[in-house]
Amino acid sequence: MKNQLISEFIGIYFLYLIIGMCLTPPGAAAFTPLAIAFGLAALIYACGHISKAHLSPAATLAYFITGAHPAKKCLPFILVTLTGAACAAWTVGILKPESIQMIQPLEYDRLQVIIGEFTFTFALIWVMLNIAIAEGTKGNPFYGIAIGGIVGAGAYAIGSLTFAPFNPAVTLGLCINGILPWKALPLYTIVHLIAAATAGLLFKSMKLTDPDAFPAD
């Protein structure tokens, strides 16, 4: 499991580093979703064969619900992804200290967060499950592009409303950097986990899982 945890830490660290640097002034503006999509795709190709590239506590929950991730590995994966995102957020603060001080936390609408984050987190987890552990897509070469694509599309769709984290670990990083207020963390996290659980339960009920995706232990 050590290699899997190292892979998860590296993956979420660089994912949030890309997000944080792109969102921190002067940032990447309209190119931010593209940078995140391409960066995420590359990281998934790098980490997917080692750890399935969860890079999110929500994804870990969904994989657990489908039976493709054992219970004993859930907490370590979750802690590593949260730690990796926090370390990346601190790195952003070191690289752009003056810009971080200029940031004003997003004023968000609770209903928009609930609907938008649920919808696109569900879409992300649904794509992940169908690309990573479904029988019909076994051995496909496009899994990184598909996952990066749905995240990029979601970022363009609702990024101006919620910053589109779709991930409790990314939300933590956004709070550390002051892009989201700390009071937003529980709401975002609950919505992400409920969306992931919904996607996982639906996927499991449809019996789409590749039997080889289940852990041997």
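This passage looks at helix 2 and the loops on either side of it in a predicted model.

Helix 2 covers residues 32-51, and it isn't straight: there is a kink of about 35°, centred on Tyr45. Its buried residues start with the pair Thr32 and Pro33 and run on through Ile36, Ala37, Gly39, Leu40, Ala41, Leu43, Ile44, Cys47 and Gly48 to Ser51. As for what these buried residues pack against, the partners are helix 1 (2-23), helix 4 (74-95) and helix 7 (143-162). Right after helix 2 comes Lys52, with a positive phi near 70°.

On the incoming side, the loop between helix 1 and helix 2 holds Phe31. With a relative accessible area of 59%, Phe31 is over the 50% mark and so counts as exposed. Phe31 also helps to make a nonpolar surface patch, together with Leu34, Phe38 and Tyr156, and the patch comes to about 490 Å².

On the outgoing side, His54 sits in the loop between helix 2 and helix 3 (57-66). His54 is a buried loop residue, because its relative accessibility is 3% and the cut-off for buried is under 20%. Leaving aside residues up to four places away in sequence, His54 touches Glu8, Ala59, Thr60, Tyr63, His69, Phe77 and Met128. Among these contacts, Glu8 falls within the 2-23 range of helix 1 and Phe77 within the 74-95 range of helix 4.

Taken together, the two loops offer a simple contrast: Phe31 is exposed, whereas His54 is buried.

Conventions:
Residues numbered from 1 in each chain as written. Predicted model: local features only at pLDDT ≥ 70, side-chain atom pairs only at ≥ 80, totals over all residues. Heavy atoms only, no water. Bend = angle between axes of the 7 residues up to and from the residue. Helix = DSSP H or I, 4+ residues; strand = E, 2+ residues; numbered from the N terminus. Buried < 20%, exposed > 50% of the residue type's maximum accessible area, 1.4 Å probe, protein only. Contact = heavy atoms within 4.5 Å. Patch = residues over 30% accessible without salt bridge, like charges linked within 9 Å, V, L, I, M, F, W, Y side chains within 5 Å. Areas by Shrake-Rupley, 256 points an atom, 1.4 Å probe, with all protein chains shown as cover. Salt bridge = Lys/Arg side-chain N within 4 Å of Asp/Glu carboxyl O.
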